[in-house]
Amino acid sequence: MTTRTRAARSSYVCAECGHRAPQWVGRCPGCQAWGTLQEQAEPAGAAVGGPRRVAAGAPSTPARPIAEVALDSARARPSGVDELDRVLGGGLVPGAVVLLAGEPGVGKSTLLLEVAARAAATLRGGAVLYVTGEESAGQVRLRAERTGALHDRLFLAAESDLSSILGHVDALHPDLLIVDSVQTMSSPEVDGSPGGVTQTRAVTVALTALAKERGLPVLLVGHVTKDGTIAGPRVLEHLVDVVLAFEGDKHSTLRMVRGVKNRFGPADEVGCFELRDEGIVGLPDPSGLFLARFGATQASVVPGTAVTVVMDGRRPLLAEVQALVAPSSMPTPRRAVSGLDSSRVAMLLAILERRGRVRLQDSEVYTATVGGMRVTEPAADLALAMAVASAKNDVALPPDLVVLGELGLAGEVRRVSGVRRRLAEAARLGFTHALVPPDSDAGTGTGMKVTEVSDVSQVLARIRRASA
């Protein structure tokens with residue numbers, strides 16, 4: 001029986017999940033996303049009906065017992081940037097492909113240029129190849145001079161063609177390859193425009209194969225869409241070994257590298273950086289950025305502030321939440337939120353009114369965090385409730401007090417994870433008192449005076465007694 005062939009035709013591939021459909025539809029049958037199917041040409045002569053058979057071939061390397069597999073090729077090597085190494089799990093693994101994604105202007109190119117210069121200085125004779133497809137070589141050189149990222153073993157190439165990149169790799173034999181960005185690269189062997197589904201997938205597959213074949217670590221810069229997801233097909237995140245999200249507010253100098261996927265280490269680690277005029281600098285101890293009253297005395301503390309400890313990945317960070325309660329003559333007083341979850345703040349205000357008997361229906365309430373930090377963890381519920389009550393009663397909380405706990409709808413204080421680790425970070429920064437949920441068993445080993453509270457009314461009663 002002869003196999004039927006068909007002429008060249010088109011299929012439609014989802015840009016989010018890679019699902020292939022024979023005809024265009026508005027909604028992807030695979031991931032249910034709207035408007036993500038894009039046309040892709042298929043080669044002529046493809047078999048119709050049934051899977052194609054693949055002939056068996058000789059393996060490139062024989063299978064070995066797992067205990068005999070060498071570990072030298074899988075050990076991480078420091079990149080020279082400690083905060084990035086923290087997120088990567090110790091450094092760059094030979095043959096690893098890392099995708100760094102972030103919004104435009106957040107500082108991705110600045111960070112990777114710093115990584116390239118540090119790596120060139122620590123590789124002991126090895127070369128680093130930085131390929132840019134978005135800027136000219138002169139623009140990158142100007143940034144390198146401004147940030148002090150010049151090095152003799154750092155090579156720069158302004159290319160957007162995949163074959164040219166492979167030619168540079170063959171000529172230099174670098175120990176690290178950085179591509180900025182993968183959406184600007186194109187392969188001459190694949191149809192489609194740069195940044196499209198087909199081109200982006202083909203470039204990523206080729207660079208991944210190059211990394212695995214030569215044991216070359218590759219850093220890829222990826223763009224994100226307006227909803228925060230990585231631009232291009234969703235399969236990109238499955239092809240690479242590590243996915244990092246580079247986050248930051250344009251109104252703040254704080255930048256965070258957050259692990260999303262990591263085959264060589266923890267996927268919940270966070271690295272902190274500060275973007276300055278002279279470049280980007282790692283912050284091994286960033287808690288001071290989020291405290292407006294760091295080192296303050298009781299006389300200098302104003303009502304409406306409370307300090308808590310949030311876990312960003314596996315990293316404890318001290319955060320200050322602030323509240324301002326002002327009288328209002330409007331029928332519907334205003335509620336404004338900055339750096340917090342607005343729906344959770346509304347729930348906490350309702351708990352304070354119903355369970356804590358704090359009258360807020362005739363007051364405007366403004367809540368915010370310090371330093372541009374985004375706090376969404378429930379462990380900050382009790383601290384925010386105390387900040388609002390402190391502002392309402394015009395009583396300042398002690399400056400050496402840290403508050404932990406999640407609030408339930410009945411007003412109960414619920415346990416949170418990692419209390420001992422959070423209190424150890426607070427004690428390191430000079431805090432001596434803590435309010436924690438019941439049965440936390442966290443008072444030993446921290447040197448702090450720990451008080452367990454089971455209901456929000458207990459805490460508010462203390463504030464009322466202090467205001468009397």
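This tour moves through a predicted model, from the whole chain to one helix, an annotated loop, two cavities and a pocket.

**The whole chain**

Begin with the entire chain displayed as a cartoon, where 10 helices and 21 strands can be followed. If you then colour the 468 residues by accessibility, the buried ones make up 47% of them. For the contacts that join residues at least 6 apart in sequence, 66% link residues that are at least 24 apart.

**Helix H4**

Select residues 162-172, which form helix H4, and show the side chains of Leu162, Ile165 and Val169, each of which is buried. Looking down the axis of H4, you will find the buried residues within an arc of 60 degrees, so they line one face of the helix. An α-helix has 3.6 residues a turn, so residues three or four places apart point the same way. To see what this face meets, add strand E5 (128-132), strand E7 (176-180) and helix H5 (197-214), against which the buried residues of H4 pack. Before leaving, step to histidine 173, which follows H4 and has a positive phi, near 50 degrees.

**The annotated loop and helix H2**

Next select Gly102, Glu103, Pro104, Gly105, Val106, Gly107, Lys108 and Ser109, which an unreviewed UniProt entry annotates as "binding site". Two of these residues, Glu103 and Ser109, deserve a separate look.

Glutamate 103 sits in the loop between E4 and H2. Is glutamate 103 buried or partly exposed? Its relative accessible area is 48%, so glutamate 103 counts as partly exposed, the cut-off for buried being under 20%. Setting aside neighbours within four places in sequence, glutamate 103 is in contact with Lys108, Val224 and Phe246.

Move on to serine 109, which belongs to helix H2. With a relative accessible area of 16%, serine 109 is buried. When neighbours within four places in sequence are left out, the contacts of serine 109 are with Tyr130, Arg143 and Asp180, and showing these three side chains together with serine 109 displays its surroundings.

Continue along helix H2 to glutamate 114. At a relative accessibility of 12%, glutamate 114 also falls in the buried class. Which residues does glutamate 114 touch, if those up to four places away in sequence are not counted? They are Val81, Thr147 and Ile280.

**The cavities**

Over the whole structure, a search finds three cavities of 30 Å³ or more, and the next two stops are the largest and the second largest.

For the largest cavity, with a volume of about 90 Å³, select Leu340, Asp341, Arg344, Val345, Leu348, Val375, Thr376, Glu377, Ala380, Asp381 and Leu384, which line it. Helix H7 (342-354) and helix H8 (381-393) each contribute at least two residues to this lining, and H7 provides the largest share, with three residues. By residue class, the lining of the largest cavity has six nonpolar, one polar and four charged residues.

The second largest cavity holds about 50 Å³ of space. Its lining is made by Leu84, Leu88, Leu92, Val98, Leu100, Leu111, Leu112, Leu219 and Leu244. Helix H1 (82-88), strand E4 (97-102) and helix H2 (108-122) are the elements that give two or more residues to this lining. Which classes of residue appear around the second largest cavity? The lining divides into nine nonpolar, no polar and no charged residues.

**The largest pocket**

Finish at the largest pocket, in which about 490 Å³ of space lies. Of the 18 residues that line the largest pocket, select Glu247, Met256, Arg258, Met373 and Arg374, since these are the ones that lie nearest its centre. Then add strand E9 (242-248), strand E10 (254-262) and strand E13 (305-312), each of which supplies at least two lining residues; E10 gives the most, with four. Colouring the lining of the largest pocket by class will show six nonpolar, five polar and seven charged residues.

Technical notes: Residues numbered from 1 in each chain as written. Predicted model: local features only at pLDDT ≥ 70, side-chain atom pairs only at ≥ 80, totals over all residues. Heavy atoms only, no water. Buried < 20%, exposed > 50% of the residue type's maximum accessible area, 1.4 Å probe, protein only. Arc of directions from axis to C-beta. Contact = heavy atoms within 4.5 Å. 1 Å grid on protein atoms, 1.4 Å probe; cavity = no way out; pocket = protein on both sides within 12 Å on 5 of 7 lines; lining within 4 Å. Points joined across faces, edges and corners; volume = space filled by probe spheres on them. Nonpolar A, V, L, I, M, F, W, Y, C, P; charged D, E, K, R; others polar. UniProt positions renumbered as here; feature names shortened; annotations may be inferred.
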